Amino acid sequence: MRRCQAIGHDAAGSALLEFAIVLPLLVVFIVGIYDFSGAYNVKQKIEHAARSGASAAAGQPTGDMDASISNPDSLQPVVDVVFNSLASDSVLPLANQGTCKASAAAPSNVGLVWTYTITGCPDDLTITIDRGLFVAGQPTVSTAVTVGFPYHWRFNTVIQLLIPGASYAAITDLRQTATVQNQM
C-alpha cells in the first residue's frame, strides 16, 4: 500500500516539476505570438496610411513643386491624410493631444523629396513625400509616400524577467512606401 502511495506522489511531483519547467517557455511563446501579431497589425495600418497619403498626393496640383520651397501648400493635405489615418487606427494618440499634431510637422527637403517629422506621438512619425519619382515603364511622374513609425516590442520585458541582463533592440522602425502616378 505504501509503495502505491509513493508512486502516486512521485507522479504528482514530476508533473509539477515538468509544469514549472515548461511554463516559462509557454509564456514566451504566448507573449511572442501576441507581440508579433501586434507588430504586424501596426505595419498594416502604416501601409494603409501610406497608400492613403499617396492617393491624396497624386491628386494634388504640382504647380508649387519646386526644390526651393521648403513646405509646399499642396503637401500639407497629404500629411493630414496620413496623420488622420494613423490617429483613427489608434496607432497615434487622438489628435490635438499634446504636441502630436499634423500641423506641428517640421519639414525638410532635398530636391523634390520632402520629409515631415511629427514629434511627441509619443515617438517621431516621419512622412517622406517624393513628388518627382520616375518609375520604369510609366510615362508620367509618380509620387511615393513613405511612412515610418517605431514599434515598441513587449517581448523584451518577458525575456528580461526570465534571463536577467539579456536585451536586444526593443524598438523596430516600421516603414512602408506606396507609389501612385500623379494625376495633375
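A residue is called buried here when its relative accessible area is under 20%, exposed when that area is over 50%, and partly exposed in between. The model is a predicted one.

By that cut-off, helix α3, which spans residues 155–162, has Phe-155, Asn-156, Val-158 and Ile-159 as its buried residues. Viewed along the axis of α3, these buried residues lie within an arc of 160°, so they line one face of the helix. The background is helix geometry: an α-helix has 3.6 residues a turn, so residues three or four places apart point the same way.

Just before α3 comes a contact to another part of the chain. Arg-154 and Asp-35 join their side chains in a salt bridge, with N and O 3.3 Å apart. Arg-154 belongs to the loop between β4 (141–152) and α3, while Asp-35 belongs to helix α1, so this pair ties together parts that are 119 residues apart in sequence. The two partners have unlike surroundings. Asp-35 has a relative accessible area of 0%, and is therefore buried. Arg-154 has a relative accessible area of 43%, which means that Arg-154 is partly exposed.

The structure has three salt bridges by the rule applied. Another of them is formed by Arg-51 and Glu-47, whose closest N and O atoms are 3.0 Å apart. Both of these residues sit in helix α1, four residues apart, which is about one turn of the helix. There is also a salt bridge between Asp-173 and Arg-175, with 2.6 Å between the closest N and O atoms. Asp-173 has 41% relative accessibility and therefore counts as partly exposed. Arg-175, with 42% relative accessibility, is likewise partly exposed.

Helix α1 covers residues 2–58, and Leu-26 is placed in it. Leu-26 has a relative accessibility of 40%, so it counts as partly exposed. Leu-26 is also a member of a nonpolar surface patch of about 850 Å². The other members of the patch are Leu-16, Leu-17, Phe-19, Ile-21, Val-22, Leu-23, Val-27 and Ile-30.

A pair of C-alpha atoms links the discussion to helix α2. Val-81 is located in α2, and its C-alpha atom is 7.5 Å from that of Ala-49, although the two residues are 32 residues apart along the chain. With 29% relative accessibility, Val-81 counts as partly exposed.

After α2 come the strands. β1 and β2 pair in the antiparallel sense, over five bridges. One pairing in this ladder is that of Pro-107 with Tyr-116, its bridge partner in β2. The hairpin of β1 and β2 has two residues between the strands, and Gly-111 in this hairpin takes a positive phi near 65°. As for side chains, in a regular strand they alternate between the two faces of the sheet.

The loops on either side of this hairpin bring in a covalent link. The structure holds one disulfide, formed by Cys-100 and Cys-121 with their sulfur atoms 2.0 Å apart. Cys-100 is in the loop between α2 (76–88) and β1 (106–110), and Cys-121 is in the loop between β2 (113–118) and β3 (125–134), so the disulfide ties together parts that are 21 residues apart in sequence. The link is right-handed, with 100° about the S-S bond. Cys-100 and Cys-121 are both buried.

Technical notes
Residues are numbered from 1 along each chain as its sequence is written. This is a predicted model: local features need pLDDT of at least 70, side-chain atom pairs count only at pLDDT 80 or more; totals for chains, interfaces and linings use all residues. Side-chain values use heavy atoms; hydrogens and water are left out. Buried means under 20% relative accessible area, exposed over 50%, partly exposed in between (1.4 Å probe, protein chains only). The arc is that of the directions from the helix axis to the C-beta atoms. A disulfide is a pair of cysteine sulfur atoms within 2.5 Å. Patches are made of residues with over 30% relative accessible area and no salt bridge: like charges are joined within 9 Å, nonpolar side chains (Val, Leu, Ile, Met, Phe, Trp, Tyr) within 5 Å. Accessible areas come from the Shrake-Rupley method with a 1.4 Å probe; for residues, only the protein chains shown count as cover. A salt bridge is a side-chain nitrogen of Lys or Arg within 4 Å of a carboxyl oxygen of Asp or Glu. Two strands pair if DSSP finds at least two bridges between them.
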